[in-house]
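Let's take a walk through this model together. Have the sequence and the 3D view open side by side, and we'll stop at a few spots along the way.

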Amino acid sequence: MASSLSLHQHTIYSLSPTPTLGFGKYPHHISILPSFRKNFLKFDSPTTVPFAVTESDSPKSLEPDPQTLLQQVAESFVLPADFFSQLPRDLRLDLNDAAFDLSNGPVKDECGEEVGETLLNISRAWEMADTSTSTTLVDKLPLLIGSLTGSQKSAFGRRLLSAGKRFQSMGQYGEGEVQKIAKVMIKTGKLLSASPVSGVEGEEFKQQTRMFKFGDLQVELTSGKAYTGAAIAVIFSFLSWELSQGIQSIPESSLQYANDNALLLAKSLRASLLVMSYSSTVLAAFATVGLILLGGQLKSENK
């Protein structure tokens with residue numbers, strides 16, 4: 001019995017020193033709390049400060065990469081080989097409009113030689129409804145974007161944005177391929193068109209001239225060429241007027257033919273020539289006035 005009691009007391013005494021935080025029954029354990037709190041603060045402080053610095057990134061770092069967006073554009077043009085050729089007539093007209101917006105004007109001067117040539121080839125593929133060639137050419141754009149300057153990226157973006165809106169106007173077709181193309185082209189165009197342009201590049205961009213495009217023919221519009229065209233229109237108008245006066249000076253009574261049918265045919269031909277001559281004179285006069293006004297506008301823009 002005595003040994004059992006001794007063993008019981010020994011067990012109690014051996015268990016009593018076990019630390020119990022926050023209890024007044026063991027005052028010698030309260031001194032553990034400040035040390036624990038101090039160590040806890042030391043552990044917490046170094047981990048929160050670097051995290052706060054990491055989270056204070058600039059919003060610009062969240063903007064998507066232009067090359068990534070152009071890759072999405074290329075992926076959206078992965079279409080069946082006969083997709084463009086199977087479009088209805090009204091959608092084909094919209095596709096031609098998109099081709100015009102993509103390559104209209106001095107595209108090589110604005111977007112660089114390589115990108116400009118690629119855009120011209122893409123527009124030709126769209127006009128010919130060649131889906132395979134279009135897919136191959138669009139796939140090159142992500143590789144070329146890195147070589148462009150700020151003004152070239154901005155011009156490239158405006159062309160993508162304008163062409164993307166043409167695709168958007170096509171509405172829903174098929175499984176939504178056209179709207180997918182429109183969405184990613186507009187998104188990429190907005191990002192690229194907002195590219196910063198330096199002062200020198202902006203001045204060069206302002207000095208660029210207009211271009212007139214008719215099919216594969218592109219003519220640079222300058223004030224000198226406008227005035228030259230006006231002079232040619234004046235000469236053509238004068239010749240048309242003289243021709244009309246010469247035809248009108250021939251009296252109908254002098255027309256002598258073997259029968260009445262031949263006479264009626266000659267009178268009809270004379271009237272047709274008079275109408276054509278007077279119409280040419282009027283149209284040439286209007287063209288003269290328009291070209292003179294265009295030349296003055298281009299001349300004022302170059303100043």
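In which loop does A129 lie? Look between α6 (113-127) and α7 (131-138), and you'll find A129 in the loop there. Keep in mind as you look that this is a predicted model. A129 has a positive phi of about 60°, although it is not a glycine. That's worth a pause, since most residues other than glycine have a negative phi. A129 isn't hanging out in the open either: its relative accessible area is 9%, so it counts as buried, the cut-off being under 20%.

Now zoom out to the whole chain. Its secondary structure comes to 13 helices and two strands. The chain has 303 residues, and 30% of them count as buried. About 19,600 Å² of the chain is exposed, with carbon and sulfur atoms supplying 62% of that area. How do the contacts spread along the sequence? Take those between residues at least 6 apart in sequence, and 71% of them join residues at least 24 apart.

Next up, the charged pairs. Side chains of opposite charge can pair when their charged atoms come close. How many salt bridges does the count come to? The answer is five. One of them pairs R166 with D101, where the closest N and O atoms are 2.6 Å apart. R166 sits in helix α9 (residues 150-168) and D101 in helix α4 (residues 89-103), so this pair ties together parts that are 65 residues apart in sequence. The two partners aren't covered alike: D101 is buried, with a relative accessible area of 14%, whereas R166 is partly exposed at 32%. There's a third member to click on here, too, as D97 joins D101 and R166 in a network of salt bridges.

For another charged spot, go to K108, which is partly exposed at 29% relative accessibility. K108 forms a salt bridge with E117, and their closest N and O atoms are 2.7 Å apart. The side chain of K108 also meets that of E113 in a salt bridge, at 3.7 Å from N to O. Is E113 buried or exposed? E113 is exposed, with a relative accessible area of 53%, while E117 is partly exposed at 30%.

Let's finish with helix α13, which covers residues 260-302. UniProt lists residues 273-294 as a "transmembrane region", and that listing comes from an unreviewed entry. In the model, that stretch is 100% helix and 0% strand, and its end C-alpha atoms are 31 Å apart.

Where is T288? Its place is in helix α13, and with 10% relative accessibility T288 counts as buried. What does T288 touch, leaving aside residues up to four places away in sequence? The residues are A230, A233 and V234. With V234 you can pick out a particular atom pair, as the side chain of T288 reaches the backbone nitrogen of V234 at 3.5 Å.

How values were computed:
Residues are numbered from 1 along each chain as its sequence is written. This is a predicted model: local features need pLDDT of at least 70, side-chain atom pairs count only at pLDDT 80 or more; totals for chains, interfaces and linings use all residues. Side-chain values use heavy atoms; hydrogens and water are left out. UniProt positions are given in the numbering used here, feature names are shortened, and annotations may be inferred rather than shown by experiment. Helices (H or I, at least four residues) and strands (E, at least two) are DSSP runs, numbered from the N terminus. Buried means under 20% relative accessible area, exposed over 50%, partly exposed in between (1.4 Å probe, protein chains only). Contact means heavy atoms within 4.5 Å. Accessible areas come from the Shrake-Rupley method with a 1.4 Å probe; for residues, only the protein chains shown count as cover. A salt bridge is a side-chain nitrogen of Lys or Arg within 4 Å of a carboxyl oxygen of Asp or Glu. A polar contact is a pair of N or O atoms within 3.5 Å; within protein, one must be able to donate a hydrogen and the other to accept it, and residues adjacent in sequence count only if both atoms are side-chain atoms.
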